[in-house]
Amino acid sequence: MTVRPIRIVGDPVLRTPCDPIRTITDGTRALVQDLLDTVDDEGRAGVAANQIGISLRAFSWNLGEEGGLGCILNPVIVELSEDLQHDDEGCLSVPELFFPRTRSAYARCVGMDIEGQEIELAGEGLVARLIQHEVGHLDGVLYIDGLERSVKKRALRQIRETL
C-alpha cells in the first residue's frame, strides 16, 4: 500500500494541464493503485494524479456507501446541470481551508477503467462537486480559481498566511 504525499498549492504540477493516458501499462496500473491507496484515507473524497505529482489524466474517489471507491482514466465531463449547488468546498492541496463555491448540482463524466473499458461517474451533490473539482485539477485549475471575487481575495490571503 502506497499513500503518496499530496502536492500543495504553489507546486507547478497543480497548474499544469495533465496529459491523456494513451496506453495502459504497468506504470498506469501502479498509478491507479497509488491513487486508490491515497484516496482511501479518512477524510478524503478525491485525489487527482497531479496532486501526487503525476501529470496524467486520472483521478480516484472515495464516496463511502454513496459511490464507493474507484478510479477513472481520461475523464471528460459530458453533462452539467443548469441547477446549481452552493456549499463550502475544500481541497487536500489547499489544506484546512474551506470556502463557499458554486457548482452545477449534477455532473456526469465518462472515461475508462484500468482495463480500457468505458466507465461513467455521475451524480448530484457531493458526487457532482467531486467530478467538477477533480477534472478541474486535471485541467490545471484549483477550486479557489472559481471563487467569488471577494471570497477569492480572502482565500488567497489565508493561503499566503498558512504557507
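**Cysteines, sheet, core and salt bridges**

Cys71 counts as buried in this predicted model, because its relative accessibility of 11% falls under the 20% limit used for burial. The closest cysteine sulfur to that of Cys71 belongs to Cys109, and the separation of 11 Å is too far for a bond. Cys109 is likewise described as buried, with a relative accessible area of 0%, and its own closest cysteine sulfur is that of Cys71, again at 11 Å and again too far for a bond. A disulfide is a covalent bond between the sulfur atoms of two cysteines. The cut-off applied here requires the two sulfur atoms to lie within 2.5 Å, and by this rule the count of disulfides comes to 0.

Cys71 also has a place in the sheet, since it is the bridge partner, in strand 3, of Ser60. The sheet is an open one built from 5 strands in the order 1-2-3-6-7, and the pairing within it is antiparallel. Strand 1 (46-48) and strand 7 (118-124) stand at the edges and have a single partner strand each, so one side of each of these strands is left without a neighbour in the sheet. From one strand to the next, the twist averages 40°. Strand 2 (residues 58-62) and strand 3 (residues 69-80) run antiparallel and are joined by 5 bridges, and within this pairing Trp61 stands opposite Gly70 in strand 3. Helix 3 (residues 126-138) packs on the sheet, where it touches strand 1, strand 2, strand 3, strand 6 (106-112) and strand 7, and the direction of helix 3 makes about 125° with that of strand 7.

Strand 2 is also paired with strand 1, in the antiparallel sense and over 3 bridges, and here the bridge partner of Ala48 in strand 2 is Phe59. Strand 2 is mostly covered, as 5 of its 5 residues are buried. Ala58, Ser60 and Asn62 point one way from the strand, whereas Phe59 and Trp61 point the other way, and all of them are buried.

Phe59 and Trp61 reappear in the largest nonpolar core, which has 15 residues and in which the residues with the most contacts are Phe59, Trp61, Cys109, Leu121, Leu130 and Ile131. At least two residues of this core are supplied by each of strand 2, strand 6 and helix 3, and the largest share, amounting to 6 residues, comes from helix 3.

Helix 3 also contains Arg129, a charged residue that counts as buried at 7% relative accessibility. When neighbours within four places in sequence are left aside, Arg129 is in contact with Gln85, His86, Asp87, Glu89, Arg101 and Arg103. Two of these contacts, Glu89 and Arg103, form a salt bridge with each other, in which the closest N and O atoms are 2.7 Å apart. Glu89 lies in strand 4 (residues 84-91) and Arg103 in strand 5 (residues 94-104), so the pair ties together parts that are 14 residues apart in sequence. Both Glu89 and Arg103 are buried.

By the rule applied here, the count of salt bridges comes to 9. One of them joins Glu120 to Arg108, with the closest N and O atoms 3.1 Å apart; Glu120 lies in strand 7 and Arg108 in strand 6, so this pair ties together parts that are 12 residues apart in sequence. Arg108 is partly exposed, with a relative accessible area of 23%, and a network of salt bridges links Glu79, Arg108 and Glu120.

A further salt bridge is formed between Asp145 and Arg15, whose closest N and O atoms are 2.5 Å apart. Asp145 lies in the loop between helix 3 and helix 4 while Arg15 lies in the segment before helix 1 (26-39), so the pair ties together parts that are 130 residues apart in sequence. Asp145 is partly exposed, at a relative accessible area of 27%, and Arg15 is also partly exposed, at 41%.

The loop between helix 3 and helix 4 (149-162) also holds Gly140, which is buried with a relative accessible area of 9%. Residues up to four places away in sequence not being counted, Gly140 touches Leu14, Arg15, Thr16 and Pro17. Arg15 is thus a contact of Gly140 as well as the salt-bridge partner of Asp145. By contrast, Gly140 and Val151 are 11 residues apart in sequence and lie 20 Å apart in space, C-alpha to C-alpha.

Definitions and conventions:
Residues numbered from 1 in each chain as written. Predicted model: local features only at pLDDT ≥ 70, side-chain atom pairs only at ≥ 80, totals over all residues. Heavy atoms only, no water. Pairing = 2+ DSSP bridges. Helix = DSSP H or I, 4+ residues; strand = E, 2+ residues; numbered from the N terminus. Axes fitted to C-alpha atoms, helices over the stretch in contact; angles between N-to-C directions. Contact = heavy atoms within 4.5 Å. Buried < 20%, exposed > 50% of the residue type's maximum accessible area, 1.4 Å probe, protein only. Core = buried A, V, L, I, M, F, W, Y, C linked by side-chain atoms within 4.5 Å. Salt bridge = Lys/Arg side-chain N within 4 Å of Asp/Glu carboxyl O.
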